[in-house]
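The following note is offered to a colleague who is new to this structure. Its numbered points go from salt bridges to helix packing and then to individual residues.

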Amino acid sequence: MADALTTTDLQGALPLIARGKVRDLYEVDEKTLLFVATDRISAYDVIMENGIPNKGVLLTLCTQKWFKILTDALPSLRTHFITLDLPPQIPTSLRPVLQNRSMQVRKLRILPVEAIVRGYITGSAWKEYQKSGTVHGIPVAAGLRESEAFPDGPIYTPSTKAELGEHDENIHPDEAAKIVGEPYASTVAALSVQLYKTAHAYALTRGVIIADTKFEFGVDEETNEVVLADEVLTPDSSRFWPQDSYEVGRGQQSFDKQFLRDWLVKEGLKGKEGVRMTDEIAQKTSEKYKEAWERITGGN
């Protein structure tokens with residue numbers, strides 16, 4: 001396998017603002033950031049020791065594609081995306097490595113909740129539902145089976161946005177409203193569901209079911225508008241199922257990091273620090289990401 005890029009060093013070309021689970025953020029100027037998607041991968045809020053080669057490029061190109069799909073469908077939507085072009089400060093020697101895994105974005109005040117939308121009952125939502133008949137504390141219809149679509153349509157189920165090394169926590173939408181305040185909370189809830197529905201309909205035409213996904217939003221301090229930020233609808237932030245093998249009443253195959261999660265659970269490594277994936281797991285995870293990218297974008 002090719003080498004994975006798990007950390008970046010811009011040799012002082014731009015100041016480093018932060019390193020997230022996957023992205024390294026640099027400041028271009030007072031209004032612009034450079035988001036660089038590394039090949040790091042996290043599962044259960046823990047970053048693996050080794051990465052998935054080329055993952056950062058796929059995530060960035062996938063996000064760019066989705067921004068176009070969503071803004072074409074919803075012309076009033078504002079996103080933080082500016083360009084895939086690298087800023088002039090980047091040295092020539094670093095450009096081949098950074099191109100297509102980096103995007104220049106507008107600086108925003110990021111709202112501190114993860115805007116999760118679930119169209120189907122699976123994962124942590126299924127576990128909670130089996131115990132209490134609720135999802136994020138929201139009562140939902142009785143008698144649902146695993147992987148079934150929510151009968152009244154997709155639901156907004158936010159979580160806290162944890163600091164690196166901490167765990168996100170599922171919360172009720174009312175709790176999210178207390179954290180971000182109005183009118184932002186209502187806008188985020190409504191826009192998230194609208195974005196999910198738009199993306200879900202598009203993905204179905206490509207033979208992919210988006211079971212759930214998470215969005216992040218920021219506020220443009222100059223206009224007070226809510227702006228779609230970060231990555232969107234990638235295999236890192238979404239659960240993608242192949243439509244042709246979908247069947248209610250069981251867990252589904254996924255084009256995402258579920259393969260890695262399953263391996264961690266099987267090996268007793270869930271939530272443990274310092275885990276190195278085997279070459280086989282890294283390769284198979286890479287193939288899942290590539291397949292998701294090719295299905296949704298047609299590979300271009």
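1. D72 counts as exposed, because its relative accessibility is 52% and the cut-off for that class is over 50%. The model is a predicted one, and this value, like the others below, is computed from it. The side chain of D72 meets that of K68 in a salt bridge, with 2.7 Å from N to O. Both residues belong to helix α1, and because they are four residues apart there, about one helical turn separates them. In general, an α-helix has 3.6 residues a turn, so residues three or four places apart point the same way.

2. A salt bridge is also found in helix α7, where the side chains of E294 and K290 meet at 2.9 Å, N to O. Here too the partners are separated by about one helical turn, since they lie four residues apart in the helix. E294 has a relative accessible area of 37% and is therefore partly exposed. K290 is likewise partly exposed, with a value of 44%. Elsewhere, R78, R106, D220 and E225 are joined into one network by salt bridges that share partners.

3. The salt bridges number 23 by the rule applied here. One of them pairs D45 with K21, whose closest N and O atoms are 2.7 Å apart. This pair links distant parts of the chain, 24 residues apart: D45 sits in the loop between β4 (42-43) and β5 (46-47), and K21 in the loop between β1 (16-19) and β2 (23-29). K21 counts as partly exposed, because its relative accessibility is 24%.

4. How are the axes of helix α1 and helix α5 placed relative to each other? The axes of α1 (residues 55-73) and α5 (residues 184-205) come within 10 Å and cross at roughly 110°. The two helices are therefore roughly perpendicular, as angles of 65 to 115 degrees are classed in this way. On the α1 side the contact is made by K65, W66, I69, L70 and A73, and on the α5 side by L195, T198, A199 and Y202. By class, seven of the contact residues are nonpolar, one is polar and one is charged.

5. Helix α1 also packs with α7 (residues 279-297), at an angle of about 20° and with the axes 10 Å apart. At that angle α1 is roughly parallel to α7, because angles under 35 degrees count as such. The crossing of these two helices is left-handed. K55, L58, L59, L61, C62, K65 and W66 of α1 meet Y289, K290, W293, I296 and T297 of α7. The residues of this contact divide into eight nonpolar, one polar and three charged.

6. Helix α6 (residues 258-266) has buried residues at Q258, L260, R261, W263 and L264. Their cover includes β4, β16 (238-242) and α7. Just after α6, G268 takes a positive phi of about 70°.

7. Is T234 buried or exposed? T234 counts as buried, because its relative accessibility is 0%. T234 lies in the loop between β15 (226-229) and β16. Leaving aside residues up to four places away in sequence, T234 touches L59, C62, T63 and F240.

8. L108 is in the loop between β7 (102-106) and β8 (109-110). With a relative accessibility of 17%, L108 counts as buried. Residues up to four places away in sequence not being counted, L108 touches H80, G218, V219, D220, V227 and A229. L108 and A229 are 121 residues apart in sequence, while their C-alpha atoms are 8.4 Å apart in space.

9. Some backbone details deserve a check by the reader. The peptide bond from E182 to P183 is cis, with omega near 5°, and P183 lies in the loop between α4 (173-180) and α5. S147 is not a glycine, yet has a positive phi of about 75°. S147 is located in the loop between β11 (138-139) and β12 (155-156) and, at 0% relative accessibility, counts as buried. N224, also a residue other than glycine, has a positive phi near 65°. N224 is placed in the loop between β14 (208-219) and β15 and is partly exposed, with a relative accessible area of 45%.

How values were computed:
Residues numbered from 1 in each chain as written. Predicted model: local features only at pLDDT ≥ 70, side-chain atom pairs only at ≥ 80, totals over all residues. Heavy atoms only, no water. Axes fitted to C-alpha atoms, helices over the stretch in contact; angles between N-to-C directions. Parallel < 35°, antiparallel > 145°, perpendicular 65-115°, else oblique. Contact = heavy atoms within 4.5 Å. Nonpolar A, V, L, I, M, F, W, Y, C, P; charged D, E, K, R; others polar. Left-handed = near helix turned anticlockwise from the far one by under 90°. Salt bridge = Lys/Arg side-chain N within 4 Å of Asp/Glu carboxyl O. Buried < 20%, exposed > 50% of the residue type's maximum accessible area, 1.4 Å probe, protein only.
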